[in-house]
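Here's a quick tour of a protein model, written for someone who likes cut-offs spelled out. Have a look at the fold and keep the viewer open while you read.

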Amino acid sequence: MAKTRVAGTVILMILALAAIVGCDLMAPQEPQVTHWAPALSPDGQSIVYASSTENGLALFRLDLATSREDQLTFNDAPNWSPQWSPDGTRVVYTSRREENVDLYILVLETMETLRLTTDAADDINPHWGSDGLVYFNSNRSGDWEIHAIDPLTSVMRQLTSRETAP
């Protein structure tokens, strides 16, 4: 009985020591983001997605017929969650710049980047609706709510609130 108790104590000490010195033998492995959050173009011919680069997450476009891959963003900020405009000419995405997370639009013909939101709160998860508005989540009210913004006029409105939640 004493030998069993000693063996159990030794095993617990080994596990504790392994945890203290950073042994990750039993720790779950975090997957590395390689190709993430694909979005199919309106014409069904290509996808945009985020992928790891030396500078962090960048956006790429993959032509599904030819497998040609083109990098779309080349900044030091992480860029993710790309979504196509209904006409397939622009991509809205999330980027962390200037210590803040906002939404940006990439005009594919010119490769020009336009900042869509500028609030100090975080704006994430953009989705370009068939009505031309960009729907997204923001914590500007203190809670994560759904907002809509017109990318042409920058008119924005909050669509949900904690007070109106069921």
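The chain holds one helix and twelve strands, and from the N terminus the order of elements is α-β-β-β-β-β-β-β-β-β-β-β-β. Helices (H or I, at least four residues) and strands (E, at least two) are DSSP runs, numbered from the N terminus. Bear in mind that this is a predicted model, in which local features need pLDDT of at least 70 and side-chain atom pairs count only at pLDDT 80 or more, while totals for chains, interfaces and linings use all residues. Residues are numbered from 1 along each chain as its sequence is written, and side-chain values use heavy atoms, with hydrogens and water left out.

Some whole-chain numbers come next. Of the 166 residues, 31% count as buried; buried means under 20% relative accessible area, exposed over 50%, and partly exposed in between (1.4 Å probe, protein chains only). The accessible surface comes to about 10800 Å², with 56% of that belonging to carbon and sulfur atoms. Those areas come from the Shrake-Rupley method with a 1.4 Å probe, and for residues only the protein chains shown count as cover. Among contacts (heavy atoms within 4.5 Å) between residues at least 6 apart in sequence, 19% join residues at least 24 apart.

Now for the sheets. One open sheet of four strands has the order S1-S2-S3-S4, with antiparallel pairing; two strands pair if DSSP finds at least two bridges between them. Its edge strands are S1 (35–40) and S4 (69–71), each pairing on one side only. Neighbouring strands here are turned by 30° against each other on average, direction ignored. For that angle, axes are lines fitted to C-alpha atoms, for helices over the stretch in contact, and angles run from 0 to 180 degrees between N-to-C directions. S3 (residues 56–63) pairs with S4 over three bridges in the antiparallel sense, and Arg 61 has Asp 70 of S4 as its bridge partner.

In the loop between S3 and S4 you'll find Thr 66. Thr 66 is exposed, at 55% relative accessible area. Its C-alpha atom is separated by 9.6 Å from that of Ser 46, 20 residues away along the chain.

Another open sheet of four strands runs S5-S6-S7-S8, also with antiparallel pairing. S5 and S8 stand at its edges with a single partner strand each, so one side of each is left without a neighbour in the sheet. The twist averages 30° from one strand to the next. Its three pairings look like this:

| Strand pair | Bridges | Residues between the strands | Positive phi in the hairpin |
|---|---|---|---|
| S5 and S6 | four bridges | five residues | Gly 88, about 75° |
| S6 and S7 | eight bridges | two residues | Glu 98, near 50° |
| S7 and S8 | four bridges | four residues | Met 111, near 65° |

For orientation, Ser 95 in S6 is the bridge partner of Asn 79 and stands opposite Asp 102 in S7. On the S8 side, Leu 106 is bridged to Thr 113, and Val 107 to Glu 112.

How many of the eight residues of S7 are buried? Eight of the eight are, so S7 is largely enclosed by the rest of the structure. In a regular strand the side chains alternate between the two faces of the sheet. Both faces of S7 are covered: Asn 100, Asp 102, Tyr 104 and Leu 106 are buried on one side, as are Val 101, Leu 103, Ile 105 and Val 107 on the other.

What about the cores? A nonpolar core is a set of buried Ala, Val, Leu, Ile, Met, Phe, Trp, Tyr and Cys residues joined through side-chain atoms within 4.5 Å. The largest one has eleven residues, including Ala 39, Leu 59, Trp 84, Tyr 93 and Tyr 104. S2 (46–53), S6 and S7 (100–107) each supply at least two of its residues. A second, separate core of eight residues includes Val 92, Trp 128, Val 134 and Phe 136. Back at Ala 39, and leaving aside neighbours within four places in sequence, the contacts are Ser 46, Ile 47, Val 48, Pro 82, Gln 83 and Trp 84.

One last stop is Thr 117, in the loop between S8 (112–115) and S9 (123–128). Is Thr 117 buried or exposed? At 3% relative accessibility, Thr 117 counts as buried. Its side chain makes a polar contact of 2.8 Å with that of Asp 123. A polar contact is a pair of N or O atoms within 3.5 Å; within protein, one must be able to donate a hydrogen and the other to accept it, and residues adjacent in sequence count only if both atoms are side-chain atoms. Not counting residues up to four places away in sequence, Thr 117 touches Asp 102, Leu 103, Asp 123, Phe 136, Arg 140 and Ile 149.
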